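Visitor: I should like to examine a single part of this model in detail and then see how it stands against the rest of the chain.

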Amino acid sequence: MKSVTQSHKGSGAVSIDALRRFHYGEPAASAATATPGGGTLPALLHPYRDAASIRYEYPLYLAPVGSAAGAETATPLSTFLARALDAFAPGEEDARILKDNLPWIERYLRHELTQPDPVDAGTLFAAAAGALQEHLDLRDDARKKLDADLASMRTAVADGSQFLGYGPDTPLHLFVHAVRHRNGQLLARLRADVEKTTRRLENLLDVEAAKSGSRNSSGSSSAERHLDTGKLTSLLETRARGSVVMATERQARIEKALGTLRAWEFDAVLLRIVGTVGNPWFAKQPDVDVVDSDEPCNSAGDVFARDAGRFASLFAALRIAALEIDNRYDPAVHDSWFAEFDWQSFSGAELQHVTRIVALASADHLASNGLPSFSHLLGSRMPVHVVSWIRAYDNPAARKGEGPFDAWRFELAYLGIGHRQVVVAQSSAAKHDHLLGGFLCALDSNRTSLHLVNRGTQTRSKSPVLDPWFVASAALESRAHPYLLVDPGAGDHATERVRFDGNLQPGRDWPFETLEYRRPDGDTSEMELAFTFADYALLMPALHEHFRIVPEELDTDDLVGIAAYLNLDEESAHGRVPFVWGIDEAGNLVRLALSRALVFACRDRLNYWRSLQELAGVYNVYVEAAVERVLEDAHATAAQERDELRKAHEQELESVRSEAAGDAMGQLVDVLMGADLASLVEPGAPAVLPAETPAEPVVEETAEPPPAEEDDEISFDDPWLDTAACTTCDDCMSINKMMFAYNDDKQAVLKDPTAGTYSDLVRAAEICPAKCIHPGQPLDPNEPGLDELIARAEPFNR
């Protein structure tokens, strides 16, 4: 962990009032408070300042076209090298020298891959192998053994494979790579189909020519090129005498189809990129055609229609040939069909062969002047792929002179979803597997597709503080540019067509991570931080005007972390100032107050995130309402059952009391009937002898009622859990199994609130789908970060 210290100097006597006025946009307060330095990063990203010492997904090993079915088209370099070594040296001591120096080879390759374009993997690996030998300078047997191991490893680097580093054109390189894998093999199959169909039509005409003893009018046949046609014709003439001659119209139709197949020229171009492409590498590729255009969506539709029209003649010829070979062509049915045959008549397999078309357009263009043509293309059913680079901090619909937070953000992905039949892939170059997954899904679908890709650019950063790969990753994690894939071909229901699994902690508003830092007294401490859109905005120097440094000595409850602030109601939020934690270049931990405009942007991104959660079924308000209704019904049913049990118990108790009273009266009568009544008789009255010896009277002792149990005193400051509402989701168990447990009904109970931290209780309450965990107030007043935790707990204590 990089050293982080909780201290900051240089903000002087800035008061909470000044920060509050800055928050509300007062120019004088903005001028009187300090913006963060250019090297200040979100606190959670401070450990990633030095990308050279961190291993991440890039560079990539790109598998060659024609790889085995199911093989990965792209693999992170570290994974590829480890697999290649393990394939021939599985034992721990096998290839020991090479295993010990594998990180050196990886660093060498990463360092060499500074150019934006892919390079031949075999050539670069050979250079790395030679450099390693020179670096180690081994002698005799050790050098020979390393040479042999490097040669064995080299066999895993397939001919035609490439290494690709991370750069601004990486997404487009991966799209080209995906097209080559899909259409390279399709092209080979189409070529074989055309050649086979051509031979069969030629044979059909040869047979017909033999019937009349004439030469095939379509030109030299396949038989003439490979057989002694004189002998074959003599044989056919002998066997074909008396056969029915082919109709003239049919023969002409076959000859026309055969002529189309023979004249067809296979184009080497697999992909046409329509738009502005600054990198000359793409135009130099024989299988890529770059078409310059200021209106990419309009032009892409025209380019597709032109290519599809060319393929229409080929596919019509192939279909007519198949019908004629089977003698199933019916002019009454098929003539009109083939007269109007165009790309909308293509089968799914035929559409896969058409040259792929990409419309490369900026997000600003799509959201403004290009919006009509963009929307028309999305609804056109043309399998054109719209690719756009997204600045996750910006609003693509902002007009000239407007800032990125002056209006609610225009979400292009939501516009694509609104067209319903469009494949929508919102992804990041930081996650190559998600990016390639979206490309391949679109290529296989034969639908119009929209790819919104963030590349990790930073504003005004000639020398960025953070590697672009980490900036792109931050856009994903901060909900600024969440991962989303919508495939309409997967089904009609959102649960079938929407993929959301590429997001970190998708069930929460913001992902939370733990920051470890050193307090001024030298002790190490931790605090849990949310990574929000405001944290991501701090990566953009142009947005630093929305941040102000909070003096270290300023201690007030009016400063609230942005994640907690967004959960406050309007009354509770009034007068409070939201902030995020940052770390400057010196490693000092600092609080940064946020402008109201940035808070609006955070709320807007959170609103969009929750909309996507509902769409993906991760968190759905309707489902939650249905669960709440079910719980209310269950509570009502349970209350009714308790009431019925109470009434039945009271009736049973009354019956027992009545029966007991009757028994007591019976016993009393028995006693009185057998008592000595002589003393009650007046003098002179005749004596009455008892019929039997009187029984000793039985006196029933009345037990004193037990003392009433005093009700336990209930404190609303104590944590508690509404067990009856528990849905057995297991979320709280994943946080702390010592604090929470299940009862015999598999419903959660608060086993021991002292077995964890207040943070555990608050986190459990936030992720509980039934909202049945109530954190109360902290049991440990010394726990770090209590102000923010109490604010986060407040909605669950009502």
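Leaving aside its neighbours within four places in sequence, which residues is Glu-57 in contact with?

Guide: The model is predicted, so local features need pLDDT of at least 70 and side-chain atom pairs pLDDT 80 or more, while totals for chains, interfaces and linings use all residues. Residues are numbered from 1 along each chain as its sequence is written, and side-chain values use heavy atoms, without hydrogens or water.

Outside the four places on either side of it in sequence, Glu-57 touches Pro-76, Leu-77, Ala-430, Lys-431, His-432, Asp-433 and Trp-469 (contact: heavy atoms within 4.5 Å). The residue belongs to the loop that joins strand 1 (41-42) to strand 2 (60-62); helices (H or I, at least four residues) and strands (E, at least two) are DSSP runs numbered from the N terminus. Glu-57 counts as buried because its relative accessibility is 18%, the limits being under 20% for buried and over 50% for exposed, with partly exposed in between (1.4 Å probe, protein chains only). One of its contact partners, His-432, also makes a side-chain to side-chain polar contact with Glu-57, at 2.8 Å. Such a contact is a pair of N or O atoms within 3.5 Å, one able to donate a hydrogen and the other to accept it; residues adjacent in sequence count only through side-chain atoms on both sides.

A second loop residue, His-481, may be set beside this one. It is placed between helix 20 (468-477) and strand 12 (484-486), and Trp-469, a contact of Glu-57, falls within the range of that helix. His-481 is buried because its relative accessible area is 1%. A polar atom of the His-481 side chain lies 2.7 Å from the backbone oxygen of Ser-427, and the side chain also reaches the backbone oxygen of Leu-452 at 3.3 Å. Beyond four places in sequence, the contacts of His-481 are Ile-390, Ala-392, Gln-426, Ser-427, Leu-452, Val-453, Asn-454, Ala-475 and Leu-476.

For the chain as a whole, there are 29 helices and 23 strands. Of its 798 residues, 46% are buried. Among contacts between residues at least 6 apart in sequence, 71% join residues at least 24 apart.

Empty space is the remaining topic. On a 1 Å grid over the protein atoms alone, a cavity is a set of points where a 1.4 Å probe fits but cannot get out, and a pocket is an open set with protein on both sides within 12 Å along at least five of seven lines; lining residues have an atom within 4 Å of a point. Points join across faces, edges and corners, and volume is the space filled by probe spheres set on them.

The largest pocket has a volume of about 1,100 Å³. It is lined by 42 residues, with Trp-581, Pro-784, Gly-785, Leu-786 and Asp-787 nearest its centre. Two or more lining residues come from each of strand 14 (512-518), strand 15 (524-530), strand 17 (559-561), strand 18 (577-583), strand 19 (589-594), helix 28 (758-767) and helix 29 (786-793). Helix 29 provides the largest share, 7 residues.

The second largest pocket occupies about 810 Å³. Its lining comprises 32 residues, and Asp-509, Tyr-619, Glu-766, Lys-771 and Phe-796 are closest to the centre. Helix 25 (596-616), helix 26 (621-673), helix 28 and strand 23 (773-774) each contribute at least two residues to this lining, and helix 25 gives the most, with 4.

The search also finds 6 cavities of 30 Å³ or more. The largest cavity encloses about 140 Å³; 13 residues line it, and Leu-187, Asp-267, Leu-270, Phe-311 and His-353 lie nearest its centre. Helix 8 (170-212) and helix 13 (296-325) are the elements that supply two or more residues to this lining, with helix 8 giving the most, 4 residues.

The second largest cavity has a volume of about 120 Å³. It too is lined by 13 residues, of which Leu-529, Ala-530, Phe-579, Val-580 and Trp-581 are closest to the centre. Strand 15, helix 23 (562-565) and strand 18 each supply at least two of its lining residues, and strand 18 gives the most, with 3. Trp-581 therefore belongs to the lining of the largest pocket as well as to that of the second largest cavity.
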